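Student: I would like a close look at one part of this model. Please set out the overall layout before the detail.

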Amino acid sequence: MEVSLPMWSLCAQLCSRIKICKSINFITWTNTCQINYAEPEGNMDGLNQSVGNSFVAVSSLAEELAGSCKGHDCTVNEVCIPQCPNYICVPLLEAFAGRGTRDLISTMLVHVGESLDTSQMELCGQFIGPGVKGQVMVTPCITFPRGYVVKLTSVNTVLKPLHLAEVEVYGVVDII
């Protein structure tokens with residue numbers, strides 16, 4: 001299975017939420033996440049080195065990467081979607097089919113941190129759509145991330161702009 005994602009860490013996180021995933025390939029040039037149902041057998045001599053591309057075996061990923069989906073009981077035909085504080089299991093075809101609809105958000109990630117570098121930010125939550133016109137999306141953080149930058153990333157199978165009418169962010173101020 002292939003899906004377009006902006007970075008390899010999100011590809012790894014997706015893999016951790018799909019029971020059938022045993023390894024991933026992330027192709028930086030095209031932002032393509034390939035979900036594989038097997039790991040290479042024996043030695044890894046058949047893997048080609050390339051700049052910017054990544055291969056990761058699921059056995060090398062930290063279980064905590066799955067968030068509230070850690071130890072999920074979704075079937076091999078489902079993807080685990082974190083829902084604070086638990087999760088839901090969504091059929092794979094439903095989760096990734098029909099994501100090319102022009103005016104709808106299919107998936108949006110919410111990161112919080114102290115810079116715009118997503119690799120230095122904490123994944124706060126996500127919206128799994130598709131969305132509908134006029135919908136109010138509430139994405140509560142599962143943890144209490146520190147930071148003053150909130151980054152919304154549209155993760156769609158078809159490249160398209162993210163249009164939001166209004167964004168409200170609520171948090172707690174640390175007084176030291």
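Student: How many helices and how many strands does the secondary structure of the protein come to? After that, take strand β3 (residues 32–36) and describe its cover, its partners and its place in the core.

Tutor: The model is predicted, so local features need pLDDT of at least 70 and side-chain atom pairs count only at pLDDT 80 or more, while totals for chains, interfaces and linings use all residues. Residues are numbered from 1 along each chain as its sequence is written, and side-chain values use heavy atoms, with hydrogens and water left out.

The secondary structure comes to two helices and nine strands (DSSP runs numbered from the N terminus: H or I of at least four residues for helices, E of at least two for strands). Along the sequence they follow the pattern β-α-β-β-β-β-β-α-β-β-β. Of the 176 residues in the protein, 33% are buried (under 20% relative accessible area with a 1.4 Å probe and protein chains only; exposed is over 50%, partly exposed in between). Among contacts (heavy atoms within 4.5 Å) with a separation of 6 or more, 54% join residues 24 or more positions apart.

Now to β3 itself. Four of the five residues of β3 are buried, which leaves the strand mostly covered. Strand β1 (residues 2–4) pairs with β3 in the antiparallel sense over three bridges (pairing requires at least two DSSP bridges between the strands). One of the residues involved is V3, whose bridge partner in β3 is C33. Strand β2 (residues 23–27) also runs antiparallel to β3, joined to it by five bridges. There, S23 stands opposite N36 in β3. Four residues lie between the strands in the hairpin of β2 and β3, and N31 in this hairpin has a positive phi near 50°. Beyond β3, the loop leading to β4 (54–57) holds Y37. Y37 counts as exposed because its relative accessibility is 67%.

C33 also takes part in the packing. Its contacts, neighbours within four places in sequence left aside, are M1, E2, V3, L5, C11, N25 and F26. C33 and I35 are among the residues with the most contacts inside the largest nonpolar core, along with L5, L14, I24 and V79; this core has 21 residues (a core is a set of buried Ala, Val, Leu, Ile, Met, Phe, Trp, Tyr and Cys residues joined through side-chain atoms within 4.5 Å). Two or more core residues come from each of α1 (8–15), β2, β3 and β5 (78–83). Helix α1 gives the largest share, five residues. Separate from this is a second core of five residues, including V110, V112, C124 and F127.

Helix α1 is mostly covered too, with six of its eight residues buried. Those buried in α1 are L10, C11, A12, Q13, L14 and C15.

For comparison, consider strand β7 (residues 107–113). All seven residues of β7 are buried: T107, L109, H111 and G113 on one side, M108, V110 and V112 on the other. In a regular strand the side chains alternate between the two faces of the sheet. Strand β8 (residues 122–128) runs antiparallel to β7 and is joined to it by six bridges, with V112 opposite E122. Six bridges also join β7 to the antiparallel strand β9 (residues 149–154), where M108 has S154 as its bridge partner.
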